[in-house]
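Trainee: Got a minute to go through this one with me? I'd like to start with the ligand and then move on.

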Amino acid sequence: RQAGFPSDKRLEGFDYRHQTTITKRQINALLDFAFLDNRENLVFIGPPGVGKTHLSIGIGQKAIEAGYRVLFRNALDLVEELELAEMKGELKKTLHKLAKVDALVIDELGYLPMSRQARYALFQLINRFYEHRSLIITTNKDFTSWGEFFHDDNVAVPIVDRIIHHSHLYLLGGESYRLKQKTLS
Ligand code: ADP
Ligand code: MG
């Protein structure tokens, strides 16, 4: 799959009766893709299993259908890709390639700590995208703990700052859908 989606998740398959901390109206409001035209970001924050990845893939698919270019990356894979590019002296080229899309989905940002080099590479990417391209981010951290995740160094604050500026934040809660499925079987 060209966009790199790890699985085929459709917005049509999203059950808002299970996930009640976000409404269908809120998600549908995004589907005019003004947020992409305005270079705004989406950030889905919440514990595991509440539908963050499903929603980002679903929105990404719809954006592609509407003619936008979308790329999906797991945060760790993305950072590895950037670090490798940096080692080869090709970071600029890689960032240029990534910034050709209208939206980059970064899934599971903040799940594991990153090295200083990784944070620096990520900072370059965030900078490159800032007010130029959109990011769709899923994370299990709220922004107050992001400083800790980025080890409070001088790169953390501008990363978080640039992500939140021009962002739509969605705090998701509730029961894990995975657990619900487990109890049904
Ligand atoms: P998260 O990224 O928040 O950890 P996922 O989006 O990966 O969670 O959801 C876990 C699984 O449950 C996926 O298979 C997803 O399709 C499904 N799922 C989660 N929430 C819903 C929902 N409200 N309606 C339908 N399927 C859901
Ligand atoms: Mg997920």
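Mentor: Sure. One sorting rule to begin with: Ala, Val, Leu, Ile, Met, Phe, Trp, Tyr, Cys and Pro count as nonpolar, Asp, Glu, Lys and Arg count as charged, and the others, Gly among them, count as polar. Also keep in mind that this is a predicted model.

Trainee: OK. How do the residues of the shell around ligand 1 divide by that rule?

Mentor: There are 9 polar, 4 nonpolar and 4 charged residues in that shell.

Trainee: Which residues come nearest to ligand 1?

Mentor: Gly51, Lys52, Thr53, His54 and Tyr177, out of 17 around the ligand. Two elements give two or more residues to the shell: α3 (52-65) and α9 (177-184).

Trainee: And which element gives the largest share of the shell?

Mentor: That's α3, with 3 residues.

Trainee: New topic. Where is Val105 placed?

Mentor: In strand β3, which covers residues 103-109.

Trainee: Is Val105 buried or exposed?

Mentor: Buried, because 28 other C-beta atoms lie within 10 Å. The cut-off for buried is 20 or more.

Trainee: What does Val105 touch, leaving out residues up to four places away in sequence?

Mentor: Ser56, Gly60, Val70, Phe72, Arg73 and Ile136.

Trainee: How far is Val105 from Asn127?

Mentor: They are 15 Å apart in space, C-alpha to C-alpha, and 22 residues apart in sequence.

Trainee: In which sense do β2 and β3 pair?

Mentor: Parallel, over 5 bridges. As one detail, Asn74 stands opposite Asp107 in β3.

Trainee: Why is β2 described as largely enclosed?

Mentor: Strand β2 spans residues 70-74, and 4 of its 5 residues are buried, so the rest of the structure largely encloses it.

Trainee: Anything to know about side chains in strands?

Mentor: In a regular strand, they alternate between the two faces of the sheet.

Trainee: Now the backbone. What is the phi of Phe33?

Mentor: It is near 60°, a positive value in a residue other than glycine. Phe33 lies in the loop between α1 (24-28) and α2 (34-37). Phe33 counts as partly exposed because it has 17 C-beta neighbours inside 10 Å.

Trainee: And what about the phi of His166?

Mentor: His166 is not a glycine, yet its phi is positive, about 55°. His166 is in the loop between α8 (156-164) and β5 (167-171).

Trainee: Why does His166 count as partly exposed?

Mentor: Because His166 has 15 C-beta neighbours inside 10 Å. Partly exposed sits between the two cut-offs: 20 or more for buried, 12 or fewer for exposed.

Definitions and conventions: Residues numbered from 1 in each chain as written. Chains lettered and ligands numbered in written order. Predicted model: local features only at pLDDT ≥ 70, side-chain atom pairs only at ≥ 80, totals over all residues. Helix = DSSP H or I, 4+ residues; strand = E, 2+ residues; numbered from the N terminus. Contact = placed C-beta atoms within 7 Å. Pairing = 2+ DSSP bridges. Near = placed C-beta within 6 Å.
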